[in-house]
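Colleague: Could you take a close look at one part of this model for me? I would like to hear about the nonpolar core and the strands around it.

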Amino acid sequence: MVKRLVNGVLSDSEVKPTHPVCVFDIDDTVLTHHGGRNTRRLHGYNLYRWLLAKERPRVEIVFITARHDSKDGEARREAAADLESVGCSQYSKLLLMPPGVRTDDGVSRWKHQARESVRRGGERLLLTVGDNWWDCTMDARGAGKRLARTADPSKYWVGNCSSQSWVSLKLPRL
Ligand SMILES: [Mg+2]
């Protein structure tokens with residue numbers, strides 16, 4: 001379903017993004033960390049591979065994670081190594097959250113702003129993927145958070161839940 005929607009946007013003559021950008025969350029989206037090791041989360045990972053295989057137009061992948069950045073660069077190195085360990089080493093940007101962001105509202109706001117910053121030429125993002133609603137939608141007045149609290153966390157959700165992107169995929173919480 002999500003592939004059909006993405007292909008629909010890419011082939012729509014009125015939309016036709018010239019710089020299609022897809023934003024992925026990391027944890028519990030393309031990988032799951034437990035027992036000291038990373039395993040692929042297949043739905044997110046397979047989608048990532050499928051997008052990378054596209055040629056016309058090429059699709060840009062950006063990872064945006066709520067892991068806190070660190071001054072010594074260690075957090076970034078660890079995130080990059082984790083991605084590489086599951087075969088996700090192709091991306092144009094990896095954005096980590098500033099250390100001061102702590103609350104759910106803060107994370108929602110930061111993720112939203114981070115997505116805004118990667119909209120090339122101001123184009124709508126092609127796709128956003130994550131296991132939290134804040135990976136897909138955010139309303140600075142709290143609508144995103146309300147949605148996160150009321151939506152059934154055990155189900156997939158595919159559709160469009162923000163004017164920031166054409167297609168959103170929210171994975172079930174693990
Ligand atoms: Mg996550």
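Modeller: Happy to; here is a walk through the core and then the strands beside it. Please keep in mind that this is a predicted model.

Let's start with the core itself. The largest nonpolar core has 28 residues, and those touching the most other members are Cys22, Phe24, Leu126 and Leu127. Two or more residues each come from strand S1 (21-24), helix H2 (42-52), strand S4 (60-68), strand S6 (125-130) and strand S8 (165-170). There is also a second, separate core of five residues, with Trp133, Trp134, Cys136 and Met138 among them. As a general point, nonpolar side chains in soluble globular proteins tend to be buried together.

Cys22 is a good place to zoom in. Setting aside neighbours within four places in sequence, Cys22 is in contact with Leu51, Val59 and Ile61, and also with Leu125, Leu126 and Leu127.

Now for S4, where seven of the nine residues are buried, leaving the strand mostly covered. S4 runs parallel to S1, and four bridges join the two; here Val23 stands opposite Val62 of S4. S4 also pairs with strand S5 (residues 93-97), again in the parallel sense, over five bridges. In that pairing, Val62 has Lys93 of S5 as its bridge partner. To get from S4 to S5, the chain passes through helix H3 (residues 74-85), making a right-handed β-α-β crossover.

So Val62 is a handy residue to click on: Val23 is opposite Val62, and Lys93 is the bridge partner of Val62 in S5.

How values were computed
Residues are numbered from 1 along each chain as its sequence is written. This is a predicted model: local features need pLDDT of at least 70, side-chain atom pairs count only at pLDDT 80 or more; totals for chains, interfaces and linings use all residues. A nonpolar core is a set of buried Ala, Val, Leu, Ile, Met, Phe, Trp, Tyr and Cys residues joined through C-beta atoms within 7 Å. A residue is buried if 20 or more other C-beta atoms lie within 10 Å of its own, exposed if 12 or fewer, and partly exposed in between; C-beta atoms are placed from the backbone. Two residues are in contact if their C-beta atoms, placed from the backbone, lie within 7 Å. Two strands pair if DSSP finds at least two bridges between them. A crossover is right-handed if, with the strands pointing away from the viewer, the path from the first strand over the helix to the second runs clockwise.
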